[in-house]
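Open the model in your viewer and keep the sequence panel visible. The tour starts with the whole chain and then moves from one cysteine pair to the next.

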Amino acid sequence: MTIKYPVLVLLSFSFIYHIYCIESTGDCGGTCGTGTPAKKCLYNFFVTHNARKNVVCNGKDDHCDYPVNTEFLINGKSPGPAIEVCLGDTVEIIVHNRLKSQELSFHWNGIHQESSVHMDGVSMVTQCPILPFTSFRYHLKPSKTGTFFYHAHSVLQQGDGLFGSLTVRGPGEDLTLDKIIMISARTSRSFSSINANTPEALELLINGKGKQDLKVEQNRKYHFRVINANSLNCPISFSIADHDLEIISADSNPVAHIVGKRVILFPGERVDLEMETSRAPGRYVVTLQGGHDCRNLISESILVYDDGELDEVIRPGDYTELPDVLQGHNCEALEEGTLCLMDMKAPVGRKLQEKADIFFVGFDDVFYDIDDHESDYKFNIDGFPFYPAYLSVRPGGATIPQINGMTFKYPPSPILSQPEAVPEDIICDLEYKSRECCDRPSFCECLQILEVPSMQNIDIVLINEGKVGNNSFVFHVHGYSVAILSVKKFTRPISRSEIMSVEALGKLKRNLITPSLKDTVVVPNKGYVVLRLFTDSPGYWLWESRTTGTSPTTSGPGMQFILQVGTRESLPTVPLDFPTCGNHKGPDLIFEDDN
């Protein structure tokens with residue numbers, strides 16, 4: 001047998017030769033004034049390995065002044081640099097990939113990218129990945145104020161430290177009253193290491209650190225921007241002892257103000273809170289309490305009033321244990337004063353149209369029992385080619401999250417900028433399998449695309465069938481904020497056809513008056529959500545359940561599909577000199593039998 005090595009074909013990749021020694025340029029983090037000219041804000045992100053990752057720190061070594069945690073760093077730190085700009089500013093981020101053997105791209109969570117879908121940051125959908133020792137320039141122009149964040153598109157790289165905050169402010173916002181809280185977790189090992197087992201969460205962190213002091217002044221109203229940046233499926237309860245929290249925005253969309261004692265955020269969700277420091281000077285416990293993959297983890301920091309360093313610490317009462325499975329809605333039923341973002345309402349009532357095209361997306365965990373010994377050197381099983389290794393890497397079978405019994409497969413080239421390089425044989429919709437899957441009756445991987453017309457109201461019903469597992473799934477929507485028309489949970493497994501029948505009978509209820517807008521939604525186990533959007537932004541937009549790519553109970557890539565808005569002819573023009581890339585040879589062309 002001879003071995004022929006695969007060749008990666010790269011065409012017209014735009015290299016950036018200048019080495020920038022500064023992290024950012026321009027006065028882009030200051031107060032935003034009315035009538036102030038828009039600025040151009042340039043940020044340089046140097047992505048590197050953490051050179052101190054292999055240093056063992058036990059707190060006794062004078063040279064170990066901080067706990068070594070993440071595998072990757074941006075400009076020497078994690079979370080990465082805070083991007084802070086004013087509405088109307090143009091933002092350019094040059095990402096310099098200094099990793100030795102990993103490609104990457106960055107997504108700007110919550111930034112809609114109107115007319116600039118090529119900047120959305122999804123490798124092999126909107127752009128080529130950024131190869132080691134090359135650079136890529138992202139161009140953003142946020143269309144609204146709010147709390148956003150950025151992260152590596154790879155959920156594994158995000159879990160290993162590649163994320164940071166992105167704040168867009170409007171005129172008159174007081175920076176001295178702004179507090180950014182990024183929640184993540186310290187894990188037992190790197191996500192990117194080769195290991196069949198998922199890392200375990202060991203400690204909840206605020207802005208990359210454990211216990212810390214958050215200093216405030218008495219009798220002021222503070223704006224807390226809280227972001228759940230976890231890669232694991234870790235819903236987090238956030239609270240401050242003896243203080244009320246007023247929600248003013250969810251996922252950067254205004255909501256009807258509501259006051260509670262604690263807020264539960266699922267991965268990818270962001271919330272804007274206002275809190276008055278009207279209590280006596282002192283030290284108040286800030287509590288993070290984890291659920292699901294972070295279950296039983298509690299982290300306590302301190303809110304410090306003025307000179308309250310020496311005062312007694314004011315603690316909350318006994319912690320109410322979170323249920324094994326959080327459903328993401330109707331959270332007041334857990335405990336009075338508990339708020340979830342899926343329960344929010346719009347600040348002003350508006351009548352949405354009754355009529356909309358409707359699409360049903362059913363998904364669930366699916367069990368496969370395929371033995372690795374059944375495959376040959378071409379990864380054929382029972383004469384059918386290329387079953388992925390994750391089906392057989394765990395003894396006893398594998399549970400795979402799938403949409404309609406199909407697993408998402410990335411194309412060999414970005415479908416947005418190089419559609420001609422994407423074979424038609426790998427494309428499927430949410431109803432029918434691809435032609436390539438005809439050769440794989442036991443398991444199907446394909447490029448799942450839901451094509452919808454542009455400039456139309458559409459309803460998408462996400463259905464968590466719950467036949468195998470008990471997981472609630474969190475979906476992040478690229479390119480849009482969607483209106484939450486309804487959420488419902490059943491006490492038994494359901495099916496896509498059953499929910500379609502409910503709609504046919506006119507019994508699928510919708511809130512068309514005060515639905516809130518979000519870009520990250522929680523679909524309860526054995527339940528559904530009905531989402532409304534107006535398709536005014538043509539492009540290929542990913543809908544992804546990111547934490548399914550890191551779940552300790554499932555295998556395989558994360559569950560996702562592409563929403564194609566409009567025809568290929570209506571998509572935005574590919575930018576000049578945009579990078580192109582191609583595929584390598586498949587295993588059957590690499591390994592050849594001499595006989």
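Begin with the whole chain in cartoon view: it has 3 helices and 39 strands. Both kinds of element are DSSP runs, numbered from the N terminus, with helices (H or I) of at least four residues and strands (E) of at least two. This is a predicted model, in which local features need pLDDT of at least 70 and side-chain atom pairs count only at pLDDT 80 or more, while totals for chains, interfaces and linings use all residues. Residues are numbered from 1 along each chain as its sequence is written, and side-chain values use heavy atoms, leaving out hydrogens and water.

Now switch on the surface. The accessible surface comes to about 25,400 Å², by the Shrake-Rupley method with a 1.4 Å probe, and for residues only the protein chains shown count as cover. Carbon and sulfur atoms hold 52% of this surface. Of the 595 residues, 55% count as buried (under 20% relative accessible area; exposed is over 50%, partly exposed in between, with a 1.4 Å probe and protein chains only).

Next, select the cysteines. A disulfide is a covalent bond between the sulfur atoms of two cysteines. Here a disulfide is counted when a pair of cysteine sulfur atoms lies within 2.5 Å, and the structure holds 7 of them.

**Stop one.** Select Cys-234 and Cys-294, whose sulfur atoms are 2.0 Å apart in a disulfide. This pair links distant parts of the chain, 60 residues apart: Cys-234 is in the loop between β15 (221-228) and β16 (236-240), and Cys-294 in the loop between β21 (283-290) and β22 (298-305). The torsion about their S-S bond is about 75°, so the disulfide is right-handed. Both cysteines are buried.

**Stop two.** Select Cys-331 and Cys-340, a disulfide with sulfur atoms 1.9 Å apart. Its S-S torsion is about -75°, so this disulfide is left-handed. Cys-331 is buried at 1% relative accessible area, and Cys-340 is buried at 2%.

**Stop three.** Select Cys-428 and Cys-446, which form a disulfide with sulfur atoms 2.0 Å apart. Cys-428 is in strand β28 (residues 427-428) and Cys-446 in strand β29 (residues 445-452), 18 residues apart. Their S-S torsion of about 75° makes the disulfide right-handed. Cys-428 is buried at 4% relative accessibility, as is Cys-446 at 0%.

**Last stop.** Why does Cys-438 have no bond to the closest cysteine sulfur? That sulfur, in Cys-437, is 7.6 Å from the sulfur of Cys-438, too far for a bond. Cys-438 is exposed, at 60% relative accessibility.
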